[in-house]
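Here is a short briefing to read alongside the model. Have the viewer open, and follow the charged pairs before moving on to the helix and strand below.

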Amino acid sequence: MLTVAMVMWPVTSAWPALTDVTLTGLPRWLPWLSTSYTEETEVERAAMAARVGLVTRLPVCPQGRGRFLGSLCRHLSNSRRAIPRREEATAVCAEPELQETTKGKTFSEVQKERREQAQRSILISCPKKIPEKKLLKHLCQHGDITNHFFFESFGLHAVIEFSKKESIASLQDASFIPRGETEFPIPFKSRFFHLNLKNPSSQTSNVQCNNQSSPLNADIIKTLCNAENVESQINTLMKILQLTEENIRLRYLTCSLIEDIAAAYFPSCTIKPFGSSVNTFGKLGCDLDMFLDLDDIGKNSATKTEGSFLMEYQVKNVPSERWATQKILAVIGECLDNFGPGCVSVQKILNARCPLVRFSHQASGFQCDLTANNRIAMKSSELLYIYGSLDSRVRALAFSIRCWARQQALTSSIPGSWLTNFSLTMMVIFFLQKRSPPVIPSLDYLKNIADAEDKCIIDSNDCTFVSNLDRIKPSENKETVDNLLCQFFEYFGNFPFNKNSINIRKGKEQNKPDSSPIYIQNPFEISLNISRNVNESQLERFVHLARESAWILQENKDQSSKSSTEPWGLAALLLPSVPNKSKAKKPGRGQANEAVKKLLESIKAESRATREKTTISTQS
């Protein structure tokens, strides 16, 4: 895994020239701009290096060193820049734990911080042989670089975060539109650039790429088998699958790039990620859900009562909000298809219950779904963020359950009668609310301790809950996460789905309002069943596999990597299902079924022995 490291090279008179590097902006309608590279003085070069922590060698002579440092400090002081301390540089190098970067922050604060990072960032398509040091030095001409990393998606790409937005404007002014011999470019200004090398054959690359894809299941099982115990397996799985810091940054940057396109029609709009990308339950490779938020436009145009006149915009009116949403998304879909760099396979699915535009963003590698004014979905994301932040066992358990369900074909990326990840996450939350004492509180409790500023009504739906994590009391439950995993399977393996519903608002079972096989109440739109798509056969498979998994974990509870040569514990649960083709039975799992057979045989043997003893006792 890549850690974003500060690049170092010595400050000498033989600095690499930048005449072999050019940036092509995607895109901007500008005449050819030729920028000549002027040789800097030693001090100016060192100042440039200090801006990104590149000074590693000073003059040997004490007098020369003193003059050099004095000039360097004066230069940096004049430009209001400081040499980063070594401790600061080291802090940038280490990849922070995901929970540590958001610890103690509200959902809104995290969203604001991430959006500001994205607005200061650019995306660059790079050649394979990219001189990283030269690229950073070239970009430093436009301003300080706060962060950067490389990744691969249809080629090599770099994400560069500047300390100020003005640096991006400076870079755009120094970039130009390429002219093809057979194709004509669409002159749209963006923050997605393409880098060309004037002398590619003479360049070498030492770039390390950050991983953006989910690991193979076989590799996951192998890693889990080396863990000390089941609890360690569960925590290891979460660390393997969860979104990295770089992946989260890339998701917000992608939304920001799409926002630039939508802003051509709606200058005050925002495009925000929601769902797995922001709720702390997302895994590497998950889709990027985003929504176009136009509500801020209305807030900025509040009626003013000063003076004798009221001035308002002349607008077009349509019969309904749904119609307006469809029209807006249709236009933005056309813009993405015709003008959006890297946006391909654009589909306008406007007649769905929630109209959306689906497309692939090739540069980031994300499959994207864009909706409009989907504020309830954002509140659901915030609620999951709060639950995931309250107790580390919530996320650890959810990652294990969702991974298990995917490997057993209980969930799928294709719409159908399967359980969804959102439904499974609701089941995890409900189960943890039911523990004694509860691991996490009910939604009604979060509503009761909310402040007046937390009050939120969306389309007559009460979406109020506390946003400040410090107001929620820590749980007194001390159960280990491995015990909770086993108990989850046992709980839902025996849950009365035929008569009870799952309700995280109350934190307890409710009578089912209809005859759906499984009823999981939407936490905010309480008349909706989020699992209404699941049929009876899929529910039966879930119950069957849950019971089987509980038995396997109980049988493996004392095993470890030292005592077993076969997949054990959580790793055994992730072995894929193997359907029995010879008989029309429900799909099972080779090793899992063998374990169940052994367990049943031992129970039968004990039962026979008991009956024999009873018979002998009676005869005597």
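K506 is partly exposed in this predicted model, with a relative accessible area of 44%. Its salt-bridge partner is D444, with N and O 3.3 Å apart. D444, by contrast, is buried at 19% relative accessible area, just inside the cut-off of under 20%.

**The D444–K506 pair**
- D444 sits in helix α16, while K506 belongs to the loop between β13 (500–501) and β14 (510–511), so this salt bridge ties together parts that are 62 residues apart in sequence.

**A shared network around R249**
- Salt bridges with partners in common connect R114, R120, E161, E245 and R249 into one network.
- Within it, the side chains of E161 and R249 form a salt bridge, with an N to O distance of 2.5 Å.
- That pair links distant parts of the chain, as E161 is in strand β4 (residues 156–162) and R249 is in helix α10 (residues 245–262), 88 residues apart.
- R249 also forms a salt bridge with E245, where the closest N and O atoms are 3.0 Å apart.
- R249 and E245 are separated by about one helical turn, because they are 4 residues apart in helix α10.
- How buried are these side chains? E161 has a relative accessibility of 3% and counts as buried, E245 is buried at 9%, and R249 is buried with a relative accessible area of 17%.
- For the wider picture, a search of the whole structure turns up 19 salt bridges.

**Helix α15**
- Helix α15 covers residues 421–434, which makes 14 residues.
- From its first C-alpha to its last, α15 reaches 20 Å, close to the 20 Å expected at 1.5 Å a residue.
- Of the 14 residues in α15, 11 are buried, so the helix is largely enclosed by the rest of the structure.
- Among the buried residues are S423, T425 and Q433, along with M426, M427, F430 and F431.
- Which helices do the buried residues of α15 pack against? They are α13 (375–390), α14 (392–407), α16 (443–448), α17 (481–493) and α18 (536–555).
- One of these neighbours, α16, is also the helix that holds D444.

**D369 in strand β10**
- D369 lies in strand β10, which spans residues 366–372.
- With 13% relative accessibility, D369 counts as buried.
- Leaving aside residues up to four places away in sequence, D369 touches L288, D289, M290, L356, V357 and R358.

Key:
Residues numbered from 1 in each chain as written. Predicted model: local features only at pLDDT ≥ 70, side-chain atom pairs only at ≥ 80, totals over all residues. Heavy atoms only, no water. Helix = DSSP H or I, 4+ residues; strand = E, 2+ residues; numbered from the N terminus. Expected span 1.5 Å × (residues − 1). Buried < 20%, exposed > 50% of the residue type's maximum accessible area, 1.4 Å probe, protein only. Contact = heavy atoms within 4.5 Å. Salt bridge = Lys/Arg side-chain N within 4 Å of Asp/Glu carboxyl O.
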